[in-house]
Amino acid sequence: MMLDRSEEEGEGARPLGMGAVSHSGRVSMLAIAERLDILCVNNARNLMNIRELTISDYDPMVEIWRQAGLPYRPLGRDACERFCLEIQEDTAVFLGAEVDGELVGVVLGTHDGRKGWINRLAVLPAFRGRGFARALVLEVERRLNDRGILIVTCLIEADNGPSETLFQSLGYLGHGDITYYSKRQSQDW
Ligand SMILES: CC(C)(COP(=O)(O)OP(=O)(O)OC[C@H]1O[C@@H](n2cnc3c(N)ncnc32)[C@H](O)[C@@H]1OP(=O)(O)O)[C@@H](O)C(=O)NCCC(=O)NCCS
């Protein structure tokens, strides 16, 4: 999946301010928030808040995945019942980005005791390009690090340029020499 960043800017573009310059030459308000170690990003139009997902976020989360074109396996690992169980585990760092009470971005962070994993990161199209995904990833990292998990990983499809750029900009290194294998009991998983 390739997204044209230029199409996403305009209305949704970040405002100018004091901070780090983005790939598009803009100044990131998030950089300021990061330095101040706060979880709210005031991008002049909206105040974004990052919080833990709750069971009642299931339907909005699925809708965000749908709009983001991410897979959804309701009969398998994405079943509502599973989500309700997983969210209570200490291994889960399920976070949402909220604007004016509306869930606009999600990420499912997990860890297996050795490594942290970032799954199902997605931001609603109308809210992209404002640093929300970056903020979600950084917060998952922080919470995993706090639990002693000092390596965080993710799987990115080869044609997902925006995601590759995002993770590279956050210091993630690609491993072109690794091939992903999986074994499923059924295609629902
Ligand atoms: C990928 C995705 C989560 C990015 O969300 P976002 O909130 O728009 O991303 P951010 O605004 O936080 O961007 C952070 C950085 O990512 C990179 N980036 C994000 N979108 C980009 C795009 N369309 N083109 C190029 N780089 C992009 C940039 O480096 C950007 O930093 P900069 O603007 O300061 O240079 C969003 O496009 C999405 O939901 N895509 C569909 C679902 C998906 O692919 N999820 C990832 C699965 S691994």
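This is a quick briefing on the fold, the core and a few unusual spots in the chain above. Keep in mind that the model is predicted. The chain carries six helices and eight strands, and 26% of its 189 residues count as buried. Mean pLDDT comes out at 84, with 76% of residues reaching 70 or more.

**Overall layout and confidence**

- Starting at the N terminus, the elements go α-β-β-α-β-β-α-α-β-β-β-α-β-α.
- If you take the contacts between residues at least 6 apart in sequence, 57% of them join residues at least 24 apart.
- Go easy on the start of the chain: residues 1-21 have a pLDDT below 50, and beyond near neighbours in sequence that stretch has 49 contacts in the model.
- Residues 23-27 also stay under 50 in pLDDT, and the model gives them twelve contacts beyond four places in sequence.

**The nonpolar core**

- The largest nonpolar core holds 28 residues, and the members touching the most others are Leu95, Val107, Phe132, Leu136 and Val140.
- At least two core residues come from each of strand 4 (47-52), helix 3 (58-68), strand 5 (92-99), strand 6 (102-111), strand 7 (116-123) and helix 5 (132-146).
- Helix 5 gives the largest share, with seven residues.
- Leu95 is a good residue to click on: leaving out anything up to four places away in sequence, its contacts include Ile50, Leu53, Val107, Leu136 and Val140. Charged residues turn up among its contacts too, including Arg51, Glu52 and Glu139.

**Helix 5**

- Helix 5 is 15 residues long and covers 21 Å from first C-alpha to last, close to the 21 Å expected at 1.5 Å a residue.
- Its buried residues include Phe132, Ala133, Ala135, Leu136, Val137, Val140 and Leu144. Arg134 and Glu141 are on the buried list as well.
- Just past the end of helix 5, Gly148 has a positive phi of about 85 degrees.

**Strands 6, 7 and 8**

- Strands 6 and 7 pair antiparallel over six bridges, and Thr110 has Trp117 in strand 7 as its bridge partner.
- The two strands make a hairpin with four residues between them, and Gly113 in that turn has a positive phi of about 95 degrees.
- On to strand 8 (residues 152-154): it runs parallel to strand 7, joined by three bridges, and Cys154 in strand 8 stands opposite Ile118.
- To get from strand 7 to strand 8 the chain passes through helix 5, in a right-handed β-α-β crossover.

**Residues worth a second look**

- Most residues other than glycine have a negative phi. Two residues here go the other way.
- Asp100 has a positive phi near 50 degrees and is found in the loop between strand 5 and strand 6. Asp100 is exposed because just 10 other C-beta atoms lie within 10 Å, and the cut-off for exposed is 12 or fewer.
- Arg120 is not a glycine either, yet its phi is positive at about 50 degrees; this residue lies in strand 7. Arg120 counts as partly exposed because it has 18 C-beta neighbours inside 10 Å, while buried takes 20 or more.
- Leu155 is found in the loop between strand 8 and helix 6 (161-169). With 12 other C-beta atoms within 10 Å, Leu155 is exposed.
- Leu155 and Arg120 are 35 residues apart in sequence, while their C-alpha atoms are 9.8 Å apart in space.

Notes
Residues are numbered from 1 along each chain as its sequence is written. This is a predicted model: local features need pLDDT of at least 70, side-chain atom pairs count only at pLDDT 80 or more; totals for chains, interfaces and linings use all residues. A nonpolar core is a set of buried Ala, Val, Leu, Ile, Met, Phe, Trp, Tyr and Cys residues joined through C-beta atoms within 7 Å. Two residues are in contact if their C-beta atoms, placed from the backbone, lie within 7 Å. The expected span of a helix is 1.5 Å times one less than its number of residues. Two strands pair if DSSP finds at least two bridges between them. A crossover is right-handed if, with the strands pointing away from the viewer, the path from the first strand over the helix to the second runs clockwise. pLDDT is the predictor's confidence in each residue, from 0 to 100.
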